[in-house]
Amino acid sequence: MQNRIFIAFVTIGILLASAHADSYVGCFKRNFRNFNTNAHVGTATECAEKCQEIFYKYAVIQSTSCACTNTHPNERLDAEKCSIRCSKNSEQFCGGEDVESYYETNLKVPGPPRHLRMDLDTVKNTSFTIMWDPPEASTLVMEYAINAYPIHTYAIGGMLSHVGWRVERGENQQELVELHPATRYNVTVTSIAAAGVGGMAWILGETRVGVPSLAPPEPKILARDERTITIEINPIENGNGPINFYRVVVVFANYGLIQNFDLALLKDYRGSREDGTQYYVTAELDLKNMSRIFRVGDGENYRGFYNAPLPENSHVHIKIGVVSTLSGVTTYRYSDDSHDQHDNIASDASEDADDDSSTMIAILTTACIILGLLLIGSVVMYFYLRKRLTSTRRRFTDVHELTLQGPIVEIENNGFIGDELDRGNFQEQLKLLMDKVSSSQKIPRNILSMEIDNILGTGRFGDVIQGRVNTIGDFHQCHIHVVSDDMEQHDQSLFIKEFDQILRVTPHRSLLNFLGVCQTSDWLYVIFEGCSMNLKKRLVDSRLPPNFNPQRMTSLSEEFVLRTLCDICDAMEYLSANKIVHRQLCAHNVSLTVDDEAKLSIFGPTLFTEENKIIDLTRFQPPEVLKFQNYSSASDVWSFGCLMWECCTVGGTLFPSVPAVDLLGRLKNGVRPEQTPFLFDDLYQLMLNCWQLDSRERVTFTEIANSLHQMVATSPRHVLDFDRRNRVTLPYYLPLLEIKN
């Protein structure tokens, strides 16, 4: 009798829960093949929202575990078997023993297209075809939006816009036309429904190399003798692919007529002798590693081509060809023929002499201008250093000597706090903040030791110097921010804001610890944990030359790089949750402990380089910051994507071929840091998701952290591999591009 009453009670409860949650489907046997979100929920509504975000029709709950599926079993069980009440909503039921509760997610938009792929048989130099399968909720699809974003190209100027298409529902393939040759694209296919935008799938596709965009000019004849001709080859630009080699072709002119050659019959010297043709390839040259001056007929071999001596007093023409090879496809283009090669060598020599004379005049003029600028710069630097030295002596008239017993030597100046009438508001706000500082974080002056000559950085709030906090029998290295006494009103407001943020932030394992403050009658010091090395130096120092280690490009492991990124991302996720924008995210602002644990700096300026140069963060900033100074958590996401690329390339310099003044325009045209051969698609796609032009479309730090932790948990070498391969090198580290001029 009691069991029947209990069953009736459970059944009534489930019916009531269904009345409150119209999305309830029923109770079914547990299915371990459902997609597990690895999330723990307290209500059915939470699980339904999570499954809806990843485009599933049903949310499946068993106790606090949440899974998702697009179908449910045919056999529905008795409602009373799902008797576990949800922990945060007792009116809802969350499965039972070996059974699960199913709820509809009320999905209104379809998920991403499935099995997106490229038809390799259709790849051409300006097009290729992609194919896909409909998403699970295909009935919701109205159309598909396809976009191709160029991420690496040989186009002259490097400025390509993305291309877009719209495809009606029912179609499952599309030929992407009007693409640029030898260009890698990030192709996205997004499901569109009446209710809005659905899921997106992506794939990397590359067009074939095209015929070189420009014909090489005829070589300049520098000298002739009986058996040889000396020429100068002028390099060209190719917007349709790389230039791998330059070919030198000898063409015999019979009775003054130049014979057009057939590419199919063009061979080396021995082959032309056998076939009886009047032309042959005499050399193939790599001008990147060779001189532009070449002697035709010197009897040597060049990349397998025999440079045979010319017949005496022969009538020949020299043609230049460009060889462009990419992904196993090779194209050629040759210079046009004319009789202009048979010019007067003496006239050339005279013109060369005139050119040499003009060149010498230009060099001397340039040298005089440079020397004059250096002289003016030296005078300006002298007066600047003199003024700075005088100011430093005024501010630091003595060394802060460490002593636990003796008298305290204070530094005298005009006072840390200025005129009360002008700065009364700043004083009041500062006093309120100082009252929030706990007594354990108020550091006495006599236990604080400072190296005033060791200035680590300079910012709008003042200088950062090396120091240490001394306690009985122990000490802690620290970075001391000496707050300036002559800040502008705007900088005072910023200081109050950032200082308040520091006091609100609780300690985090991946943030530099705030040790406290020291306030005297004249000075205010803000003190942080100090580390001896930053991440940038650790990355650059780990690079290994090929002759030192032929197997690895760096002494760091792939796991170290990914775990470091996880730690930094965890810190940024924490800051973002607390509504704190970092603004200065780069490897220079990440410190490493002696145990190689990453610690992110959140206050003050980026520290100097070892050569006391100021770091330029331009290459880490998104377009909205470069143009409008609009900082946000989304701008930090962009910078974190740049930091990921910097770490995965072991300290490589971002956009090495783009001047800083041109960076904004290039970013708007789709230029992004290149994908290196050892950086695999999953990790590079995560970076691309950080570099969306529209800040609202960028991923969040929570999503980045989930992806990075999953990569570490599976296998770091599936996304990043530092093993050395043929002709694969690390991107260059160019320190001059990373500092302010």
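**Helix 10**

I looked first at the start of helix 10, where a side-chain oxygen of serine 632 comes to within 3.3 Å of the backbone nitrogen of alanine 634. I applied the criterion for a polar contact: a pair of N or O atoms within 3.5 Å, where, within protein, one must be able to donate a hydrogen and the other to accept it, and residues adjacent in sequence count only if both atoms are side-chain atoms. I note that this is a predicted model, in which local features need pLDDT of at least 70 and side-chain atom pairs count only at pLDDT 80 or more, while totals for chains, interfaces and linings use all residues. Residues are numbered from 1 along each chain as its sequence is written, and side-chain values use heavy atoms, with hydrogens and water left out.

I took helices (H or I, at least four residues) and strands (E, at least two) as DSSP runs, numbered from the N terminus. Helix 10 covers residues 633-648, and its 16 residues reach 22 Å from first C-alpha to last, close to the 22 Å expected at 1.5 Å a residue; the expected span is 1.5 Å times one less than the number of residues. I then checked burial and found 15 of the 16 residues of helix 10 buried (buried means under 20% relative accessible area, exposed over 50%, partly exposed in between, with a 1.4 Å probe and protein chains only). Just after helix 10, I recorded a positive phi of about 55° at valine 650.

**Helix 10 against helix 12**

I examined helix 12 (residues 681-690), whose axis comes within 8 Å of that of helix 10 and crosses it at roughly 150°. Axes are lines fitted to C-alpha atoms, for helices over the stretch in contact, and angles run from 0 to 180 degrees between N-to-C directions. The two helices are therefore roughly antiparallel (angles under 35 degrees count as roughly parallel, over 145 as roughly antiparallel, 65 to 115 as roughly perpendicular and the rest as oblique). I listed the residues that meet, with contact meaning heavy atoms within 4.5 Å: Val637, Trp638, Gly641, Met644, Trp645 and Cys648 in helix 10, and Leu683, Leu686, Met687 and Cys690 in helix 12.

**Helix 8 against helix 13**

I next took helix 8 (residues 558-577) and helix 13 (residues 701-714), which pack at about 155° with axes 9 Å apart. Helix 8 and helix 13 are therefore also roughly antiparallel. Among the residues in this contact, I noted Leu562, Cys566 and Cys569 in helix 8, and Phe701, Leu708 and Met711 in helix 13.

**Helix 6**

For helix 6 (residues 489-504), I compared the 22 Å that its 16 residues should span with the 23 Å between its end C-alpha atoms, and the two agree. Its buried residues include Leu494, Phe495, Phe499 and Ile502.

**Positive phi and a loop proline**

Most residues other than glycine have a negative phi. I therefore recorded asparagine 106, with a positive phi of about 55° although not a glycine, in the loop between strand 7 (99-104) and strand 8 (114-119). Asparagine 106 is partly exposed at 43% relative accessibility. Histidine 115 also has a positive phi, near 55°, but lies in strand 8 and is exposed at 52%.

I closed with proline 309, in the loop between strand 22 (305-306) and strand 23 (316-326), partly exposed with a relative accessible area of 31%. Leaving aside neighbours within four places in sequence, proline 309 is in contact with Arg227, Gly297 and Gly299. Its C-alpha atom is separated by 9.5 Å from that of isoleucine 229, 80 residues apart along the chain.
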